[in-house]
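Subject: Structure handover

Hello,

I am passing this structure on to you. Please look it over before reading the notes underneath.

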Amino acid sequence: MNKNNSILVAGLIVALLLGIAAPFLASGDPDGLESAAEKIINADVLDANLEEAGLEEEGTIAPSPMPDYAISGMDKIGEIGALIIGILLITLLSFGVGSIFKKSTSEN
């Protein structure tokens with residue numbers, strides 16, 4: 001195993017360990033943008049303003065496969081599973097895109 005591969009494997013191991021630990025370390029209280037929006041915008045006022053403007057709140061185009069970074073009905077194990085699946089999918093996607101670019105640059 002060369003140096004680059006060992007760095008990638010070490011990074012993947014760290015990401016997986018963080019994925020396992022994150023559900024136990026994360027706060028259940030909203031923070032950041034979500035918390036600021038809750039403090040500034042009253043849901044009743046928002047609904048009234050949307051109706052007044054002739055608009056309605058839109059949902060998502062497609063449902064999320066794992067909403068709130070969890071597999072529904074599985075509690076903390078579902079959160080860990082969702083994070084591990086996400087980490088592995090992004091890793092595979094990154095390697096796939098990298099291999100496509102590597103082939104295209106080696107042909108030139």
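The notes below go from the whole chain to single residues.

Please keep in mind that this is a predicted model.

Overall shape

The chain contains 4 helices and 0 strands. Following the sequence from start to end gives the pattern α-α-α-α. The radius of gyration is 21 Å, whereas the globule rule gives 13 Å for 108 residues, so the chain is more spread out than a compact globule. Along the principal axes, the C-alpha atoms occupy a box of roughly 60 × 40 × 25 Å.

Surface and contacts

Of the 108 residues in the chain, 8% are buried. The accessible surface amounts to about 9,100 Å², and carbon and sulfur atoms account for 65% of that surface. As for contacts between residues at least 6 apart in sequence, 53% of them link residues at least 24 apart.

Charges and the salt bridge

The chain carries 5 positive and 15 negative side chains. The centres of these two sets are 27 Å apart. Searching the whole structure turns up 1 salt bridge. Its partners are Glu-79 and Lys-76, whose side chains meet at 3.9 Å, N to O. That distance falls inside the cut-off, because a salt bridge requires the nitrogen to be within 4 Å of a carboxyl oxygen.

Where do Glu-79 and Lys-76 sit with respect to each other? Both belong to helix 4 (residues 75-107), and, being 3 residues apart there, they are separated by about one helical turn. Glu-79 has a relative accessibility of 23% and counts as partly exposed. Lys-76 is also partly exposed, with a relative accessible area of 35%.

Phe-24

Phe-24 is part of helix 1, which covers residues 3-25. Is Phe-24 buried or exposed? With 55% relative accessibility, Phe-24 counts as exposed; the cut-off for that class is over 50%.

Which residues does Phe-24 touch once its neighbours within four places in sequence are left aside? Phe-24 is in contact with Lys-76 and Ile-80. Lys-76 is thus a contact of Phe-24 as well as a partner of Glu-79 in the salt bridge. Ser-6 is 18 residues from Phe-24 along the chain, and the C-alpha atoms of Phe-24 and Ser-6 are 28 Å apart.

When you open the model, a starting point would be Lys-76, with the side chain of Glu-79 in the salt bridge and Phe-24 in contact with Lys-76.

Regards

Notes. Residues are numbered from 1 along each chain as its sequence is written. This is a predicted model: local features need pLDDT of at least 70, side-chain atom pairs count only at pLDDT 80 or more; totals for chains, interfaces and linings use all residues. Side-chain values use heavy atoms; hydrogens and water are left out. Helices (H or I, at least four residues) and strands (E, at least two) are DSSP runs, numbered from the N terminus. The radius of gyration is taken over C-alpha atoms; the globule rule is 2.2 Å times the number of residues to the power 0.38. Buried means under 20% relative accessible area, exposed over 50%, partly exposed in between (1.4 Å probe, protein chains only). Contact means heavy atoms within 4.5 Å. Accessible areas come from the Shrake-Rupley method with a 1.4 Å probe; for residues, only the protein chains shown count as cover. Lys and Arg count as positive and Asp and Glu as negative; His and the chain ends are not counted. The place of a charge is taken as NZ of Lys, CZ of Arg, CG of Asp or CD of Glu.
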